[in-house]
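Colleague: Could you walk me through this one? I would like to hear how each label is justified.

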Amino acid sequence: MTSDRTRLIREMVRIRVVEEVLADYYRDEQEMRTAIHFSIGQEATAVGVLSATTPRDWVYAAHRTHAPYLAKGGDLRALVAELYGRQDGCSHGRGGSIHVIDQSVGFAGSGAILGEMISVAVGTGWAFARSGEPRVALTFFGDGATEEGVFAESLNIAAVQRIPVVFVCENNLYSISSPLTARQPAGTSIRGRAEAAGVRAAAVDGNDVFAVREAAAAALRHCRAGNGPYLLELATYRWREHVGPGWDHHHGYRSKQEIDSWIERCPIQRAVAEVRAEEPGIDDLVRQWQAESQEEIHAAVAYAKELPFPDVAGLLDGAYLPVGR
C-alpha cells in the first residue's frame, strides 16, 4: 500500500513511536544530557507541511526539532547519536536535541532562542530569490515566537521584498505554561497579524494531516510563483510537558481533561479513520508500522551507545576564534 495518504500516516506513526520510545529512555536512563522537546500529538504539522517540499527547499526549526527533522528526511541514527552526545551525531555531539542539522536533505538547522531561526529563514529565502533559484525556505516556530520583535520584522521585510519563505506557526496554545489567551488580545489572531503585514496567510486544523498537506502545497506554489511569503497557522497541541518526557497536568496551568480532549483528536487516529473506507487494511498496516518503528528506534539507541564521545581536542572545531589564535 503506497498511496500518498497512507505514506503520510506511516510517517506520523514512525515519528510518534520514535518519540515515545525516546521519552522512555530519557526518563529511565538519564543518559541523554540535553534538554528535549517532544512533538507527541503534533505530528501532522511537520509531516503535512514537509511532505509538500522538495529536497532543495530548506527548513529551519526552533526547539521542537525531532518531527520536522525526521519528516524532512533526516537520519534517525544521527539524531539519536546527537541526543546521546556522540561524535557521529548530526551536530557531532555538540548540539543536543535543540540544535540538529542535515543540509543534505534540506534541514538547514534549528535553534534554542525564541524566534531565532525566523529571520535566518527569511535571509535564506532572499538569497534564493536573488539567485533566481525556484527554492523556498520554511521556518517552524510556536505561537510564543510570534510575540517576539523578530517575527514582525521578518514579516515586514519578507513582504516588502517578496521573499519566498513559508512561516509555519505550530500554534499549540501555550508558551511553556502561559496560555495564548493570557498573552494575545481577544479578537486577534496570528494569521491576522501576518495579513496586516501584507503576507498571505491561512489558518488550518493542524491535526488534519491531509488539510495541512494541501495548505502547504498551496503556500509553496505561491512562493515559487514569485508572489512573496506565506504564513500557515496550524492549530495543534502537545500532549507532553513543554520540555521533558513527562505529563504536566499536575502543574495546574492546564487540566488533564483538556489534555485528554486533545488526545481524542489524535492526528494519527483521525487520518486512519478518514482512509479506512478506501484502505480497509489500514489498521493492520498501522500495527505493522508501529512494530517496525519500535525495532528501528531501539536499534538506533543501541547503535548510538556504541559510538565515541567527541574528543576534547576538537572542542573548538567549528567555532569562530579571534585572529591570531
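Modeller: Buried residues make up 53% of the 325 residues in the protein, where buried means under 20% relative accessible area, exposed over 50%, and partly exposed in between (1.4 Å probe, protein chains only). This is a predicted model: local features need pLDDT of at least 70, side-chain atom pairs count only at pLDDT 80 or more, and totals for chains, interfaces and linings use all residues. Residues are numbered from 1 along each chain as its sequence is written, and side-chain values use heavy atoms, with hydrogens and water left out.

Colleague: Why does L316 count as partly exposed?

Modeller: L316 has 45% relative accessibility, and partly exposed lies between the 20% and 50% cut-offs, so L316 counts as partly exposed.

Colleague: What makes the protein as compact as a globular protein of its length?

Modeller: Its radius of gyration (taken over C-alpha atoms) is 19 Å. The globule rule, 2.2 Å times the number of residues to the power 0.38, gives 20 Å for 325 residues; the two values are close, so the protein is as compact as a globular protein of that length.

Colleague: Which residues touch the most other members of the largest nonpolar core?

Modeller: I9, L22, V49, V80, V166, L232 and I297 do, out of 77 residues. Such a core is a set of buried Ala, Val, Leu, Ile, Met, Phe, Trp, Tyr and Cys residues joined through side-chain atoms within 4.5 Å. Apart from it lies another core, of 23 residues, among them V122 and F128.

Colleague: What is V166 in contact with?

Modeller: Leaving aside neighbours within four places in sequence, the partners of V166 include V136, L138, Y230 and L232, contact being heavy atoms within 4.5 Å.
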